[in-house]
Amino acid sequence: MPEFLNSVKGFGVTFRQMFKKVDTVQYPEEKNPTAPRYHGRHQLNRWPDGLEKCIGCELCAWACPADAIYVEGADNTADERYSPGERYGRVYQINYLRCILCGLCVEACPTRALTMTNDYELADDSRESLIWTKEQLVVPLLPGMEQPPHPMRLGETEEDYYALGAKLADSRPDDGGRNPVQEGPVQDWPVQGGSS
Ligand code: SF4
Ligand code: SF4
């Protein structure tokens, strides 16, 4: 091609682009839905009676390549129970200044306490506010759940508790209980026992 046509060729690219469909979204007024398995911010899940799934084992923190998770576990007692089993996560923090949303922490969690939502709106204007605490990460109580501490309501033994808890979680209408998101349809859980 003669040299003088190079600039015409360049304008041709611009001209073609002008007639293509525009992908610009007027964010934040308009938001495109993410892919269903998009890795957004984390959440700490509960059993259907409201007890926390986190057992404070710190495996998520050890798995994290960015050293973004801080966990302090503590013992449940007969009078003060936050999770089924011996231990619960007393302190839980995720530092979103470090987190690269890789999901390795979710893979490491033995109880499915930690999952990820599709929420990507994590920007803020202070460092402190990007360190999310347990209170921010734990899912709100759904109908039928009870604020811990309280005794295990899903069965007399741990075996019963986990069997019934898994069954109830699987019967959830939104996503089979694998990732109980905060929004969406909810149902009343047939929880055994009442408020403590
Ligand atoms: S998503 Fe990745 S970087 Fe973020 S806390 Fe989990 S393991 Fe760490
Ligand atoms: S979120 Fe899971 S891996 Fe992390 S401390 Fe809790 S139970 Fe352990």
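**Exercise 1. Strand pairing**

In which sense do strand 2 and strand 3 pair, and over how many bridges?

Solution. In this predicted model, begin with the limits of the two elements: strand 2 covers residues 69-75 and strand 3 covers residues 87-95. Their pairing is antiparallel and runs over seven bridges. To place the register, take Val71, which stands opposite Tyr92 of strand 3. Then follow strand 3 to strand 5 (residues 131-133), with which strand 3 also pairs in the antiparallel sense, here over three bridges. For this second pairing, the register can be read from Asn95, which has Ile131 of strand 5 opposite.

**Exercise 2. The shells around the ligands**

Determine which residues come nearest to ligand 1 and to ligand 2, and describe each shell by class.

Solution. Start with ligand 1, which has 13 residues around it, the nearest being Cys64, Cys99, Cys102, Leu104 and Cys105. Sorted by class, this shell holds 12 nonpolar residues, one polar residue and no charged residues. Turn next to ligand 2, where 14 residues form the surroundings and Cys54, Cys57, Cys60, Cys109 and Leu114 come nearest. The shell of ligand 2 divides into 10 nonpolar, three polar and one charged residues.

**Exercise 3. Confidence**

Assess how far the coordinates of the protein chain can be read, given its pLDDT.

Solution. First take the chain as a whole: the mean pLDDT is 86, and 87% of the residues reach 70 or more. Next consider residues 174-196, over which the pLDDT is below 50, although this stretch has 38 contacts in the model beyond near neighbours in sequence. Finally, apply the general caution that predicted coordinates should not be read in detail where pLDDT is low.

Notes: Residues numbered from 1 in each chain as written. Chains lettered and ligands numbered in written order. Predicted model: local features only at pLDDT ≥ 70, side-chain atom pairs only at ≥ 80, totals over all residues. Pairing = 2+ DSSP bridges. Helix = DSSP H or I, 4+ residues; strand = E, 2+ residues; numbered from the N terminus. Near = placed C-beta within 6 Å. Nonpolar A, V, L, I, M, F, W, Y, C, P; charged D, E, K, R; others polar. pLDDT = per-residue confidence, 0-100. Contact = placed C-beta atoms within 7 Å.
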